[in-house]
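Biologist: Before we go through this one, I would like each descriptive term set against its criterion. Please show the coordinates first.

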Amino acid sequence: MTAQRFFPIAVITLLLLALANLMFGAVSLSVEEVWKGLYASSENHFTIYEYRLPRIFLAILVGAGLALSGALVQGVIRNPLASPDVLGVGHGAGLAAVCYMTFFSEASTRWLPEVALAGGILAALVLWYLCGARSSAIKLAITGVALAALWASCIDFLMLTKPLEINNALLWLTGSLWGRGWAQLQALLPWFVLIPLALGLSKYLNLLDLGDDSAISLGARPQHLRLLALAIAVALTAACVSICGPIGFLGLVAPHLTRKLVGGRHQPLLPATMLTGACLLLAADLAARTLDPPIELPAGILTAIIGAPYFLWLLLRMK
Amino acid sequence: MLISTFKQLGLLLCSVLLATNVHAVTVEDSKGSFSLDYAPQRIVVLEFSFADALAAVGVAPVGIADDKDKNRVLPEVRDIIGDWQSVGTRSQPSLEVIASLKPDLIIADISRHEAVYDDLKKIAPTLILPSRRETYSDNLKAAAIIGKIVGKEQAMQERLALHRDKMANMAKQLPSQATVQFGVARADALFLHTADSYAGGVIQALGMQTPQSDRDDSAYRQTSLEQLLAINPNYFIVGHYTQPSIVDKWQSEPLWQVLQAVQNKHIYSVNPNVWSRCRGIMAAEHMAKDLLTIFNKP
Amino acid sequence: MTRPFYGLTIVLAAILLLLLGWWNLFAWSVIPIQAQDVWLSLTHFDSQSISHRIVQDLRLPRLLTAMFVGACLATAGTIMQGLTRNPLAAPSVLGINAGAALGMALVSTLPILYGALSTSLAAMIGGGVAWLLVMLLGNSWRIGGNEHGRLVLAGVAISALCAALTKAVVIMEEDQAAGVLTWLTGSLADARWQTWQHYWPFALAGLFGALLLTPSLNLLQLGEEHARNLGANLLRSKLFGSFLVLLLVGTTISAVGSIGFIGLIVPHMARLLVGQDFRIFLPVAMLLGATLVTLADTLSRAISYPMETPAGAILALIGAPFFIYLVRKRTL
């Protein structure tokens with residue numbers, strides 16, 4: 001598929017998924033009822049306007065943000081198995097959130113996103129401190145993996161020694177869009193000024209693919225470029241994770257899938273990845289709400305269930 | 001059929017409430033002061049203890065967060081309130097189902113539902129009270145608040161007085177010196193409910209002892225056979241979530257026989273759902289009756 | 001490395017293991033046990049004494065299992081590092097632990113599979129599939145750093161996938177989240193004679209098999225070309241080695257749950273002590289692994305006394321910083 005054909009198809013899919021998200025759920029509504037629900041006079045006003053609509057926007061933003069940071073990380077580390085997870089940001093945010101929930105169990109959950117955001121960024125700073133600006137990309141990734149393992153073991157340790165808080169913490173750690181609304185959307189939106197910046201990097205990311213020496217001779221500064229791209233990826237991931245909890249695999253699978261469809265050049269790849277990520281998370285959240293209503297399954301688990309067959313398919317195709 | 005039941009219930013409630021003639025009431029909940037200037041007709045509750053409190057004064061909620069399993073609601077409560085609609089899990093209730101029920105009062109738990117308190121308020125006035133971490137006496141206080149807000153203060157006070165009488169009567173028939181330990185058993189773990197837990201509070205309210213622990217910062221604690229031996233209660237009451245549970249596995253071990261409760265054949269099994277998930281006036285009475293049957297066994 | 005010094009290391013490690021094991025039998029017990037009780041329970045067992053019975057019925061099987069768990073995981077890590085010639089290879093890093101946990105979760109929660117496979121077989125199959133996927137994925141993309149890093153990244157991806165699926169399976173089955181974590185973190189608290197009886201024959205067979213494999217592992221370190229020129233049957237040793245890893249890790253996980261990082265840390269410690277020869281450092285690694293798990297098990301009773309913290313959580317807390325250290329030390 002070429003980029004020219006990908007974009008219209010992806011946009012239409014996105015719109016259809018958004019419409020499906022508005023119509024289906026524990027309570028199914030017709031298109032007409034959905035339309036009326038946008039107005040305050042409707043009896044479905046809460047369900048449509050206060051509940052499903054902000055959740056759709058959040059799914060689009062979080063899906064796009066995580067997928068974009070995945071593409072950036074894969075572009076910098078030049079390994080298609082890398083993802084924002086290897087920077088330890090998600091686990092760092094998780095550790096901060098779990099610490100907050102266990103040590104300040106009486107405190108309001110209102111500050112949880114801020115705490116998680118701080119944790120995610122702190123984790124990235126620790127990684128940067130350990131690696132410095134000069135280490136190779138793959139070393140950065142493996143150090144990130146090791147750091148993520150450390151944060152994860154701290155999370156397990158805390159949850160096992162403070163069992164009372166385990167339910168809330170684990171619920172947060174599986175990642176979900178449940179109960180997120182306009183307020184969370186407002187908190188997330190400012191971070192997306194980074195997107196034009198990331199898209200502007202795509203030309204230079206292509207140069208990185210040629211190897212450092214060629215990139216330098218073509219006028220790029222690989223070290224600065226890597227740092228900037230990773231910083232954007234960290235900020236976007238931390239912001240998304242702080243709102244929804246870690247949503248696994250999106251950052252790994254979405255860029256991968258998109259690369260298969262539109263090729264490896266970053267100019268079409270980065271925006272296309274954002275569309276794919278948004279579609280994937282919208283689909284996962286739709287499934288989460290409609291599979292077993294009124295029970296809400298965590299969207300993070302559903303993205304993993306979608307990711308698993310894709311991985312197997314990938315392996316089969318390699319033969 | 002469901003709707004007609006609701007209508008009938010609503011009419012019934014209307015007539016009852018008109019008779020009692022309720023006006024604006026104000027109570028203190030976990031977020032400060034909460035007032036309501038009408039008697040709520042369509043109530044959604046997000047924890048079992050709230051359903052128990054409503055049932056204690058004969059009010060039927062239209063929706064309960066029952067984890068999509070009606071059997072989790074205490075049978076005594078089910079008998080009083082009739083049918084209801086499930087609004088999903090207690091940890092993540094479905095807000096769209098709650099909204100579709102068009103409630104005029106939502107009762108939520110501060111520990112589980114604080115994150116969606118603002119959303120719930122957009123659907124209907126929301127009374128937020130402690131439930132998940134509550135003790136026995138907290139629960140009775142919450143019941144009194146709920147009684148007041150649904151315009152049944154008088155009835156609730158009478159019901160609470162009756163409850164205290166019942167518990168005191170049953171306490172007389174129970175041995176006061178015995179130490180009783182309750183725990184829920186899963187396939188690979190036993191969780192004891194300590195003196196700080198709800199079940200521990202009920203046992204104490206019945207005049208019996210709960211084993212003292214030297215570390216009392218947790219109401220529920222995962223316990224190995226060795227730690228159970230150290231606690232060594234006179235009576236051990238188990239709720240098995242799965243069969244065979246870890247306690248069944250332990251029974252084949254020689255050390256199990258060393259337990260005082262085993263030697264005196266004082267191991268009893270109860271319904272884990274009632275003892276662990278349900279809390280409230282009727283739940284406590286149910287638990288007390290379980291204990292009476294246990295202790296008056298020949 | 002001279003032979004006498006090697007012998008001395010072995011003896012010292014064994015003495016350390018015995019001392020720690022002895023300490024493990026009575027330390028941090030909720031029901032007080034004196035050191036002499038341990039001795040008496042072994043020589044003059046009195047079935048009326050609670051402390052004697054605790055030593056006999058709980059502590060001894062737990063200690064023996066802990067020692068074997070340590071030895072098995074250290075051996076599995078050593079073999080994996082030998083086979084892949086990758087200093088970062090270990091069961092937990094390359095996805096075997098996560099895959100085995102997923103296999104166990106699937107057979108014990110899905111009604112279709114229930115009873116079709118034994119849990120240890122399911123753990124072996126799950127671990128094997130995960131490892132295979134990691135090797136395939138890690139070797140299929142030639143770009144992006146050297147082989148060491150690629151394998152680790154593939155391991156992380158597969159581990160995360162398995163862990164998420166395990167969580168999904170268990171959450172759908174159990175309403176209480178606490179169950180998921182006890183599932184995923186290995187603990188020795190429930191190791192009894194019964195566990196031990198099912199465990200030791202396989203573990204012992206795996207450990208002996210590993211000792212037989214050491215000459216081939218030494219040859220492999222010379223590089224595949226050299227090894228082949230020297231007449232080694234590479235395919236056979238690789239298959240045998242992989243089978244041993246799966247046997248050791250699968251039976252261990254089905255006995256006590258998933259315990260990570262032992263397989264990563266211990267081979268490096270052993271290599272530091274006695275050098276590169278697999279024939280020499282594998283036995284040292286076994287002893288050190290046993291010592292480390294015994295120590296972790298003792299600590300698991302101490303850290304939040306009188307409650308128990310699973311030994312797997314403690315080892316992860318020790319192991320993760322070491323992982324970071326290893327990564328930083330190596331030029332990748």
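**Helix crossings, interfaces and annotations**

Modeller: The crossing of α5(A) past α6(A) is right-handed. This is a predicted model.

Biologist: What makes α5(A) oblique to α6(A)?

Modeller: Helix α5 (residues 112-131) of chain A and helix α6 (residues 137-161) of chain A pack at about 130°, and their axes are 10 Å apart. Angles of 65 to 115 degrees count as roughly perpendicular and those over 145 as roughly antiparallel. An angle of about 130° falls in neither range, so α5(A) is oblique to α6(A).

Biologist: Which residues make that contact?

Modeller: From α5(A) they are Ala123(A), Val126(A), Leu127(A), Leu130(A) and Cys131(A). Helix α6(A) contributes Lys139(A), Leu140(A), Thr143(A), Gly144(A), Leu147(A) and Trp151(A). By class, the contact of α5(A) with α6(A) has 8 nonpolar, 2 polar and 1 charged residues.

Biologist: Why is α3(A) called oblique to α14(A)?

Modeller: The angle between α3(A) and helix α14 (residues 266-290) of chain A is about 135°, with the axes 7 Å apart. The antiparallel class needs over 145 degrees, and the perpendicular class ends at 115. About 135° lies between those limits, so the pair is oblique. The crossing of α3(A) past α14(A) is right-handed.

Biologist: What classes of residue make up the contact of α3(A) with α14(A)?

Modeller: There are 16 nonpolar, 6 polar and 2 charged residues. Arg55(A), Gly63(A) and Gly75(A) are among those of α3(A), while the α14(A) side includes His266(A), Thr273(A) and Asp285(A). Arg and Asp count as charged, so Arg55(A) and Asp285(A) fall in the charged class. Gly counts as polar, so Gly63(A) and Gly75(A) go into the polar class.

Biologist: How do you know that the UniProt spans of chain A are helical?

Modeller: For two of the spans there are values. The unreviewed UniProt entry places "transmembrane region" at several stretches of chain A, including residues 54-73 and 85-105. Residues 54-73 of chain A are 100% helix and 0% strand, with end C-alpha atoms 28 Å apart. Residues 85-105 of chain A are 71% helix and 0% strand, with 27 Å between the end C-alpha atoms.

Biologist: What are the corresponding values in chain C?

Modeller: There, the same feature name in an unreviewed UniProt entry covers stretches including residues 59-80 and 120-139. Residues 59-80 of chain C are 100% helix and 0% strand, and their end C-alpha atoms lie 31 Å apart. Residues 120-139 of chain C are also 100% helix and 0% strand, with an end-to-end C-alpha distance of 28 Å.

Biologist: How many residues does each chain give to the contact of chain C with chain A?

Modeller: Chain C gives 41 residues and chain A gives 43. On the chain C side, α5 (119-140), α6 (147-173), α7 (178-184) and α13 (311-329) each supply at least two. The largest share, 14 residues, comes from α6(C). That side of chain C divides into 30 nonpolar, 8 polar and 3 charged residues.

Biologist: And which elements of chain A give two or more residues to the side that touches chain B?

Modeller: They are α3 (45-77) and α7 (166-174) of chain A. The contact takes 20 residues from chain A and 24 residues from chain B. Helix α3(A) has the largest share of the chain A side, with 4 residues. By class, this side of chain A has 11 nonpolar, 7 polar and 2 charged residues.

Biologist: Where are the domains of chain B, and what separates their centres?

Modeller: The domain assignment gives domain 1 (7-156) and domain 2 (180-295). Their centres, taken over C-alpha atoms, are 30 Å apart. The contact takes 17 residues from domain 1 of chain B and 16 residues from domain 2 of chain B. On the domain 1 side, α2(B) gives the most, with 6 residues.

Biologist: What is the omega value of the cis peptide bond between Pro293(A) and Pro294(A)?

Modeller: Omega is about 5°. Pro294(A) is in the loop between α14 and α15 (299-318) of chain A.

Biologist: What is the phi value of Trp28(C)?

Modeller: Phi is near 45°, a positive value in a residue other than glycine. Trp28(C) is in the loop between α1 (3-26) and α2 (35-43) of chain C.

Conventions: Residues numbered from 1 in each chain as written. Chains lettered and ligands numbered in written order. Predicted model: local features only at pLDDT ≥ 70, side-chain atom pairs only at ≥ 80, totals over all residues. Domains from an automatic or database assignment. Contact = placed C-beta atoms within 7 Å. UniProt positions renumbered as here; feature names shortened; annotations may be inferred. Axes fitted to C-alpha atoms, helices over the stretch in contact; angles between N-to-C directions. Parallel < 35°, antiparallel > 145°, perpendicular 65-115°, else oblique. Left-handed = near helix turned anticlockwise from the far one by under 90°.
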